Amino acid sequence: MTVQKTERPPSGPTEVQTPDGGPRPGDPRRSRERLAGLAPYLLLAPAIIATLLLLGWPLVNNGILSFQNLNMRQFILHLTEWNGFDNYKEILTGEDFWRVTGRSVAFTAVNVVLIMILGTLVGLLLARLGRKMRTFLMIGLVLAWAMPVVASTTVYQWLFAQRFGVVNWVLAKIGFESMAEHDWLASQYSTFFVVLLLIVWQSIPFVAINLYAATTTIPKELYEAASLDGAGAWKQFTSVTMPYLRPFLYATTFLEIIWVFKAFVQVFTLNEGGPERLTEILPVYAYIEGMGNQHFGMGAAIAMLTIVILLAITSYYLRIVLKQEEDEL
C-alpha cells in the first residue's frame with residue numbers, strides 16, 4: 001500500500017496574478033511600483049509650491065495691477081479703477097519705452113560678450129596654473145563673487161568719485177592731470193562704462209570657476225591622443241576642449257543674459273539712471289515710473305513687458321542653441 005504525498009500550500013500571502021502573469025489590482029507590488037513612480041513628483045512638490053507662492057503669486061498680482069489706474073489717490077481712498085489696456089497702449093505708443101528697450105538690449109549684449117570672453121580666459125588660466133596659484137586666484141574670485149551687490153557698487157562709487165576717487169588720483173599721478181577731478185557720472189557713456197566694469201567684475205568669477213570645473217571633466221587621454229597626432233595647443237583647444245565646454249558655455253551665456261538684463265541694483269545705486277535718465281534700463285525705468293512718479297499701474301505694465309521681452313530674447317537664444325546642437329548631431 002502506497003501513501004500519496006500531498007504538498008502543503010506555502011505559508012504567508014500568495015501573489016495573485018492575472019492569467020497573463022501580471023499583478024492584479026490591489027496587489028502590494030503594484031502599489032509599491034505606483035509609489036516609486038510618484039516619488040520624483042513628491043520630492044519636487046515643496047520646491048514647486050515655494051516657487052508658485054514666492055514668484056507666481058506676486059507675478060499674478062503684478063499682472064492684475066497693470067490693468068489698473070493706481071496712484072496715491074487710489075491708495076488713500078482705497079479705490080480700484082480698472083482702465084483695461086490703457087497703460088500698455090500709453091507705453092507702447094511712446095518713444096521712451098522703445099528707447100530704453102534698445103538701450104537695455106545693447107547694454108546686455110556688450111556686458112555678456114565681455115563677461116563670457118574674459119570669464120572663459122580666466123577659467124582656462126585656472127586650468128593651467130599650479131595648485132597653489134590656482135587656490136590663491138580662486139579665493140580672490142570667490143571673495144569678489146560673494147561681495148554683496150550694494151557693497152560692491154558703493155566701492156565703485158568711491159573708486160570713481162570726482163574729488164577723492166582713487167581712479168582720478170592714479171590717472172593724475174601718471175600724467176593725466178586733466179582727469180584729477182573728472183566726473184565719471186556726468187555723461188551717459190562714462191556712467192555706462194563704470195556700470196559695465198562693475199557688472200563684468202562681478203560676473204567673471206561665476207563663469208571662470210564653473211568653466212574650470214568643466215575642464216576637469218575632460219579625459220586627459222584625449223589630449224595625449226591629440227598630441228600624438230601632431231596637434232598643437234590651438235588644435236587641441238578647438239578639437240578637444242571646446243566640444244566639452246560648449247554645453248557649459250551655452251548654459252552660462254543663458255544665465256548671464258538673464259542676470260545682466262535685470263541688473264537693477266548696480267544701475268540705480270550708482271546714479272539712479274542718470275544723468276537725465278540717460279542710463280535707465282528697463283528695470284530702472286519700471287521702478288522710476290512706478291515708485292518714483294507714483295504711477296503704480298504704469299510701472300507694473302512696464303515690468304510685465306520687461307518679462308515678455310526677456311522671455312523673447314532667451315527663447316530666441318535657446319532656439320539658436322538647439323538648432324546648433326541638432327546640426328552637430
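This passage describes aromatic pairs, two threonines and two pockets in a predicted model.

The aromatic rings offer a convenient way into the fold. In total, 14 aromatic pairs are counted in the model. One of them joins W145 and F206, whose ring centres are 5.5 Å apart. The planes of these two rings stand at 65 degrees, and the cut-off for edge-to-face is over 60 degrees, so the W145 and F206 pair is edge-to-face. The two partners come from separate helices: W145 belongs to helix α5, which covers residues 131-146, while F206 belongs to helix α8, which covers residues 188-215. The pair therefore ties together parts that are 61 residues apart in sequence. W145 is partly exposed, and its relative accessible area is 41%.

A second pair, F264 and F268, has another geometry. Here the ring centres are 5.2 Å apart and the planes meet at 15 degrees, so this pair is stacked. Both residues sit in helix α11, which spans residues 264-271. Four residues separate F264 from F268, or about one turn of the helix. F264 is partly exposed, with 24% relative accessible area. Aromatic residues also gather in a group: Y156, F160, W184, F193 and W201 make up one aromatic cluster.

Attention now turns to helix α10, where two threonines can be described in some detail. T253 is found in this helix, which runs over residues 233-261. With a relative accessibility of 14%, T253 falls under the 20% limit and so counts as buried. Apart from neighbours within four places in sequence, T253 is in contact with V112, M116 and Y317. T238 is also placed in helix α10. Its relative accessibility is 32%, so T238 counts as partly exposed. The side chain of T238 reaches the backbone oxygen of K235, at a distance of 3.1 Å.

The pockets come next. The largest pocket holds about 610 Å³ of space. Its lining consists of 21 residues, and those nearest the centre are L59, N62, A286, A303 and I307. Two or more lining residues come from each of the helices α1 (28-65), α12 (282-292) and α13 (296-328). Among these elements, α13 gives the most to the lining of the largest pocket, with seven residues. As for chemical character, the lining of the largest pocket contains 16 nonpolar residues, four polar residues and one charged residue.

The second largest pocket holds about 460 Å³ of space. A set of 13 residues lines this pocket, with A127, R128, T215, Y223 and T241 nearest its centre. The elements giving two or more residues to this lining are α4 (95-128), α8, α9 (220-228) and α10. Helix α10, already met as the home of T253 and T238, gives the most to the lining of the second largest pocket, with four residues. Helix α8, which carries F206 of the edge-to-face pair, is likewise on the list of contributing elements. The lining of the second largest pocket divides into seven nonpolar, four polar and two charged residues.

Methods:
Residues are numbered from 1 along each chain as its sequence is written. This is a predicted model: local features need pLDDT of at least 70, side-chain atom pairs count only at pLDDT 80 or more; totals for chains, interfaces and linings use all residues. Side-chain values use heavy atoms; hydrogens and water are left out. Rings of Phe, Tyr and Trp (its six-membered ring) pair if their centres lie within 6.5 Å; planes under 30 degrees apart count as stacked, over 60 as edge-to-face and the rest as tilted. Buried means under 20% relative accessible area, exposed over 50%, partly exposed in between (1.4 Å probe, protein chains only). Contact means heavy atoms within 4.5 Å. A polar contact is a pair of N or O atoms within 3.5 Å; within protein, one must be able to donate a hydrogen and the other to accept it, and residues adjacent in sequence count only if both atoms are side-chain atoms. On a 1 Å grid over the protein atoms alone, a cavity is a set of points where a 1.4 Å probe fits but cannot get out, and a pocket is an open set with protein on both sides within 12 Å along at least five of seven lines; lining residues have an atom within 4 Å of a point. Grid points are joined across faces, edges and corners, and a volume is the space filled by probe spheres set on the points. Ala, Val, Leu, Ile, Met, Phe, Trp, Tyr, Cys and Pro count as nonpolar, Asp, Glu, Lys and Arg as charged, and the others, Gly among them, as polar.
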